[in-house]
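Here are a few comments for you to read alongside the structure. Please keep the display open and find each residue as it comes up.

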Amino acid sequence: MTLHRVHLTLARNDDHPNGSPAHGYDLVVPLDAAGMLDAEGWKAAPKACTVRRFWQGEEDRVGLLRHIGRGWLIDYDAGTRDADEPFFKLDKHVFKTGEYVSVTETDGEMLTFRIGNVEPVKT
């Protein structure tokens with residue numbers, strides 16, 4: 001298992017027809033050799049799997065990537081599920097530049113993000 005830093009930026013939508021580099025997520029995730037999320041790697045180092053949400057005009061939010069059953073979500077507060085943001089079928093995605101992933105934000109809106117880059121975390 002190797003941890004990778006993944007940079008996501010908002011893909012085009014009605015509010016941002018060209019997408020937005022000022023809105024997105026930085027993830028540290030365990031990937032296997034095929035570029036897929038590695039659930040066993042996550043189990044070995046769950047606290048190393050972090051997420052930072054950056055959003056123009058708002059303070060950054062920092063949380064942990066959590067694996068729940070077959071799903072993955074961002075956990076901003078271990079004491080409540082209210083702030084969790086689930087990913088859409090994240091276990092089915094290959095993490096490579098140019099691919100897309102979707103997140104359901106805390107307001108219930110699902111947004112799509114483009115993978116800008118994927119780099120191994122230097123230890």
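1. Before we begin, contact here means heavy atoms within 4.5 Å. Please also keep in mind throughout that this is a predicted model.

2. Let us start with Phe 54, which is found in strand β3, spanning residues 50-55. Because buried means under 20% relative accessible area, Phe 54, at 10% relative accessibility, counts as buried. When residues up to four places away in sequence are not counted, Phe 54 touches His 7, Leu 8, Pro 21, Ala 22, His 23, Gly 24, Tyr 25, Asp 26 and Asp 60.

3. One of those contacts, Pro 21, deserves a second look, since Phe 54 and Pro 21 are 33 residues apart along the chain, while their C-alpha atoms are separated by 9.6 Å.

4. Turning to strand β1, made up of residues 2-10, you will find Thr 9 there. Is Thr 9 buried or exposed? Its relative accessible area is 17%, so Thr 9 is buried. If its neighbours within four places in sequence are left aside, Thr 9 is in contact with Ser 20, Pro 21, His 23, Gly 24, Phe 113 and Arg 114. Pro 21, His 23 and Gly 24 are thus worth marking on your display, as they are among the contacts of Thr 9 and also among those of Phe 54.

5. On the surface, a patch of negative charge is formed by Asp 14, Asp 15, Asp 107 and Glu 109. Within this patch, Asp 107 belongs to the loop between β7 (100-104) and β8 (110-120), and because its relative accessible area is 59%, Asp 107 is exposed.

Technical notes. Residues are numbered from 1 along each chain as its sequence is written. This is a predicted model: local features need pLDDT of at least 70, side-chain atom pairs count only at pLDDT 80 or more; totals for chains, interfaces and linings use all residues. Side-chain values use heavy atoms; hydrogens and water are left out. Helices (H or I, at least four residues) and strands (E, at least two) are DSSP runs, numbered from the N terminus. Buried means under 20% relative accessible area, exposed over 50%, partly exposed in between (1.4 Å probe, protein chains only). Patches are made of residues with over 30% relative accessible area and no salt bridge: like charges are joined within 9 Å, nonpolar side chains (Val, Leu, Ile, Met, Phe, Trp, Tyr) within 5 Å. Accessible areas come from the Shrake-Rupley method with a 1.4 Å probe; for residues, only the protein chains shown count as cover. A salt bridge is a side-chain nitrogen of Lys or Arg within 4 Å of a carboxyl oxygen of Asp or Glu. Lys and Arg count as positive and Asp and Glu as negative; His and the chain ends are not counted. The place of a charge is taken as NZ of Lys, CZ of Arg, CG of Asp or CD of Glu.
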